[in-house]
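Biologist: Please take a close look at the salt bridges in this model. Tell me which side chains pair and where they sit.

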Amino acid sequence: MRELRIRVLAGVFAVAAILSWAGARLWNSLGTLPSVPLAAPIVLALIAAVLLATALSLRARLRAQRERRPGAKGVDPMMAARAVVFGQASALVTALVAGIYGGVGVFLLESLDIPARRDQAIYAGFSVLAGLAVIGAAIFLERVCRLPEDDDHTNGNGQPSAA
């Protein structure tokens, strides 16, 4: 399974932000801009909490298994793989969603004197922050589930192995 690449996530975020900023400008010139829902940062924060709780649980179980503690519950490899896939999918979708809210938020910065637009800009900002939390939790989950042999991508001299 391939690792999440920060550059890919940043690229998705940037492209989505630019397109949503341009779309917000166009939409606003044609009529009213759709609002940023209050639930957006809340839902993203809940996803981040689920990913973090999963990562912490798996880390504790893997540590107990490694230390061969009596009564330690093992980690099913399929469950760990599913958790990683859930984290990666969450990070990619969240990069897109956070980019959209970020672009709309940047557009809304032009009209902070209007109370409704100021609230929308705040919701968009919190959505971006919660999105960053989801991405961080997903990367942490991926690192927790990494196999020890995944760290050995080099053949001893700093060059990638040809295997």
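Modeller:
**Salt bridges**

Arginine 25 and glutamate 110 meet through their side chains in a salt bridge, at 3.6 Å from N to O. Arginine 25 belongs to helix H1 and glutamate 110 to the loop between H3 and H4, so this pair ties together parts that are 85 residues apart in sequence. Please keep in mind that the model is predicted. Glutamate 110 has a relative accessible area of 52% and is therefore exposed, since the cut-off for exposed is over 50%. Arginine 25, with a relative accessible area of 40%, is partly exposed.

Other salt bridges share partners: Glu3, Glu142, Arg143 and Arg146 are joined by them into one network. Side chains of opposite charge can pair when their charged atoms come close. In this network, glutamate 3 has a salt bridge with arginine 143, at 3.8 Å from N to O. That pair links distant parts of the chain, because glutamate 3 is in the segment before H1 while arginine 143 is in helix H4 (residues 115–144), 140 residues apart. Glutamate 3 also forms a salt bridge with arginine 146, where the closest N and O atoms are 2.9 Å apart. Here too distant parts of the chain are linked: arginine 146 lies in the segment after H4, and 143 residues separate it from glutamate 3 in the segment before H1.

The relative accessibility of these three residues can be given in turn. Glutamate 3 is at 31% and counts as partly exposed. Arginine 143 is at 36% and counts as partly exposed. Arginine 146 is at 28% and counts as partly exposed. Across the whole structure, a search finds 4 salt bridges.

Helix H1, which holds arginine 25, has other features to look at. Tryptophan 21 is found in H1, which covers residues 6–30. With a relative accessible area of 33%, tryptophan 21 is partly exposed. Together with Val106, Leu109 and Leu112, Trp21 forms a nonpolar patch on the surface, and the four have about 350 Å² of accessible area together.

H1 also takes part in the second largest pocket, giving the most to its lining, with 4 residues. Both H1 and helix H3 (77–108) supply at least two residues of that lining. The residues lining this pocket include Ser20, Trp27, Pro34 and Tyr101. The lining has 9 nonpolar residues, 3 polar residues and no charged ones. The space in the second largest pocket is about 160 Å³.

Technical notes:
Residues are numbered from 1 along each chain as its sequence is written. This is a predicted model: local features need pLDDT of at least 70, side-chain atom pairs count only at pLDDT 80 or more; totals for chains, interfaces and linings use all residues. Side-chain values use heavy atoms; hydrogens and water are left out. Patches are made of residues with over 30% relative accessible area and no salt bridge: like charges are joined within 9 Å, nonpolar side chains (Val, Leu, Ile, Met, Phe, Trp, Tyr) within 5 Å. Accessible areas come from the Shrake-Rupley method with a 1.4 Å probe; for residues, only the protein chains shown count as cover. Buried means under 20% relative accessible area, exposed over 50%, partly exposed in between (1.4 Å probe, protein chains only). On a 1 Å grid over the protein atoms alone, a cavity is a set of points where a 1.4 Å probe fits but cannot get out, and a pocket is an open set with protein on both sides within 12 Å along at least five of seven lines; lining residues have an atom within 4 Å of a point. Grid points are joined across faces, edges and corners, and a volume is the space filled by probe spheres set on the points. Ala, Val, Leu, Ile, Met, Phe, Trp, Tyr, Cys and Pro count as nonpolar, Asp, Glu, Lys and Arg as charged, and the others, Gly among them, as polar.
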